Amino acid sequence: MENLIEIQDVVKRFGEQTVLDHVSLSVTPGKIYGIIGRNGSGKTVLFKSICGFVLPDAGKILVRGKQVGKDVDIPQGIGIIIEHPGFLRDYSGFQNLKLLARLQKKITDEKIKESIRLVGLDPEDKKKVGKFSLGMRQRLGIAQAIMESPDILILDEPMNGLDKHGVEDMRKLLVQLKEEGTTILVASHNPLDIEILCDE
């Protein structure tokens, strides 16, 4: 089976600090991969590198056989949560996702609403995102990441801000997405998330 993502001997430095030190990883389709480490250990930088937001100083990253930063700037078909999802505070959750969906023009309003329902929010809720709790914003971020049915999901600390029920809901959702064929990379500082969810 061909690797969906191939990270080959990647090095990334910021000034004197080496954040990624000869990292290699092969990702095959349809599994959940867990990356665990304390804050500042380079998880986010690795994810940003896969997405093409940060280019490595050495080594290379291939997504679907294409080298990021050379053959392709930003790989398509990746749903992403990295750091805090940025939403417009004066719009509802649905309005925010609709604005983002317009960029690609790939999905219908119904598909957006379905994604919002999948994460346990109400797409008809008119409440402005500025009034959302941290957990609700996190759920909306996950809805944004999955709404275009990407075949790769990259989730950096997706459980942040979620209460116990929220964490359980998200674990169920990620397992369901994996069963539907989505390949998921998840970073967490919580060993339990990794233990429960991940194949590798």
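These are my notes on helix packing and ring contacts in a predicted model.

**Entry 1: α2 against α4**

I began with helix α2, residues 93-104, and helix α4, residues 134-146. Their axes come within 11 Å and cross at roughly 30°. Angles under 35 degrees count as roughly parallel, and α2 and α4 are therefore roughly parallel to each other. I noted the hand of the crossing as right-handed.

I then listed the residues that make the contact. From α2 they are Gly93, Leu97 and Leu100, and from α4 they are Leu140, Ala143 and Gln144. Sorted by class, I have four nonpolar residues, two polar ones and no charged one.

**Entry 2: α2 against α3**

Next I looked up α2 with helix α3, residues 109-118. The axes are 10 Å apart and the angle is about 130°. I recorded α2 and α3 as oblique to each other, because an angle of that size falls in none of the parallel, antiparallel or perpendicular ranges. Here too α2 makes a right-handed crossing, this time with α3.

On the α2 side I found Gly93, Phe94, Leu97, Lys98 and Ala101; α3 supplies Asp109, Ile112, Lys113 and Ile116. The class count for this contact is five nonpolar, one polar and three charged residues. Gly93 and Leu97 are listed in the contact of α2 with α4 and again in the contact of α2 with α3.

**Entry 3: α4 against α5**

I moved on to α4 and helix α5, the latter spanning residues 164-179. Their axes lie 12 Å apart, at an angle of about 10°. I entered α4 and α5 as roughly parallel to each other.

The α4 residues in this contact are Arg139, Ile142 and Ile146. Those of α5 are His165, Gly166, Asp169, Met170, Leu173 and Leu177. I count them by class as five nonpolar, two polar and two charged.

**Entry 4: rings and charges**

Which residue lies over the face of Phe94? I found Lys113 there, 5.4 Å from the ring centre. Both Phe94 of α2 and Lys113 of α3 are in the contact list of Entry 2, and this pair puts a lysine over a ring within that contact.

I noted another case at Lys12, whose charged end sits over the ring of Phe14. The distance to the centre of that ring is 5.3 Å.

Last, I checked for aromatic pairs, with ring centres required to lie within 6.5 Å. The count came to zero.

Notes:
Residues are numbered from 1 along each chain as its sequence is written. This is a predicted model: local features need pLDDT of at least 70, side-chain atom pairs count only at pLDDT 80 or more; totals for chains, interfaces and linings use all residues. Side-chain values use heavy atoms; hydrogens and water are left out. Rings of Phe, Tyr and Trp (its six-membered ring) pair if their centres lie within 6.5 Å; planes under 30 degrees apart count as stacked, over 60 as edge-to-face and the rest as tilted. A charge sits over a ring if NZ of Lys or CZ of Arg is within 6 Å of the ring centre and within 35 degrees of the ring normal. Axes are lines fitted to C-alpha atoms, for helices over the stretch in contact, and angles run from 0 to 180 degrees between N-to-C directions. Helices (H or I, at least four residues) and strands (E, at least two) are DSSP runs, numbered from the N terminus. Angles under 35 degrees count as roughly parallel, over 145 as roughly antiparallel, 65 to 115 as roughly perpendicular and the rest as oblique. A crossing is left-handed if the near helix is turned anticlockwise from the far one by less than a right angle, and right-handed if clockwise. Contact means heavy atoms within 4.5 Å. Ala, Val, Leu, Ile, Met, Phe, Trp, Tyr, Cys and Pro count as nonpolar, Asp, Glu, Lys and Arg as charged, and the others, Gly among them, as polar.
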